[in-house]
Amino acid sequence: MISNQLNIIEGNDPEADALRKLGNRVKTLRMQAGHFNYEKFAYHNNIGRILLRRVETGGNVNYKNLLKIIVALGVTPSEFFNEGID
């Protein structure tokens, strides 16, 4: 099983911590679905590979792009936010 805590290092910035947790959730779900190469996943789902990498490493993302990623992961927004994100 792939841990949902892939690379979370909590610090003094709650916003940065939340973005890292969000990115970990994306990466965990992608890998659990068998998509181990983020570039191939991005390509097959018409998502910019740089955008996906930035999200998975804790970068900022707008809601529209996040929804696109969530749909590509095959989960609903409520399922996505149900676990792994405080």
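Me: Over which residues does pLDDT stay under 50 here?

Reply: General idea up front: where pLDDT is low, the predicted coordinates should not be read in detail. This is a predicted model, and pLDDT stays under 50 over residues 1–6. The model has 13 contacts beyond four places in sequence for residues 1–6.

Me: OK, and what does the protein average for pLDDT?

Reply: The average is 89, with 86% of the residues scoring at least 70.

Me: Which helices have the lowest and highest confidence?

Reply: Helix 5 (residues 77–82) is lowest, at a mean of 94, and helix 3 (residues 49–56) is highest, at 98.

Me: Now packing. At what angle do helix 1 and helix 4 pack, and how far apart are their axes?

Reply: In general, two packed helices are described by the angle between their axes and the distance between the axes. In this case, helix 1 (residues 14–32) meets helix 4 (residues 63–73) at about 25°, and the axes lie 10 Å apart. That angle makes helix 1 roughly parallel to helix 4. As for the hand, the crossing of helix 1 and helix 4 is left-handed.

Me: Which residues make that contact between helix 1 and helix 4?

Reply: From helix 1 you've got Leu22, Val26, Leu29 and Arg30, and from helix 4 Leu66, Ile69 and Leu73. Sorted by class, the contact of helix 1 with helix 4 has six nonpolar residues, no polar ones and one charged.

Me: And helix 1 with helix 3: what are the angle and the axis distance there?

Reply: Use the pair of numbers again: helix 1 and helix 3 pack at about 120°, with axes 7 Å apart. Helix 1 and helix 3 are therefore oblique to each other. Helix 1 brings Leu19, Leu22, Gly23, Asn24, Val26, Lys27 and Arg30 to the contact, while helix 3 brings Leu52, Arg53, Val55 and Glu56. By class, the contact of helix 1 with helix 3 comes to five nonpolar, two polar and four charged residues.

Me: Last one, salt bridges. How many does a search of the whole structure find?

Reply: The search turns up two salt bridges. To read one, look at the partners and at the gap between their N and O atoms: Asp17 forms a salt bridge with Arg20, and the closest N and O atoms are 2.3 Å apart.

Me: Why are Asp17 and Arg20 separated by about one helical turn?

Reply: Because Asp17 and Arg20 are three residues apart in helix 1.

Methods:
Residues numbered from 1 in each chain as written. Predicted model: local features only at pLDDT ≥ 70, side-chain atom pairs only at ≥ 80, totals over all residues. Heavy atoms only, no water. Axes fitted to C-alpha atoms, helices over the stretch in contact; angles between N-to-C directions. Helix = DSSP H or I, 4+ residues; strand = E, 2+ residues; numbered from the N terminus. Parallel < 35°, antiparallel > 145°, perpendicular 65-115°, else oblique. Left-handed = near helix turned anticlockwise from the far one by under 90°. Contact = heavy atoms within 4.5 Å. Nonpolar A, V, L, I, M, F, W, Y, C, P; charged D, E, K, R; others polar. pLDDT = per-residue confidence, 0-100. Salt bridge = Lys/Arg side-chain N within 4 Å of Asp/Glu carboxyl O.
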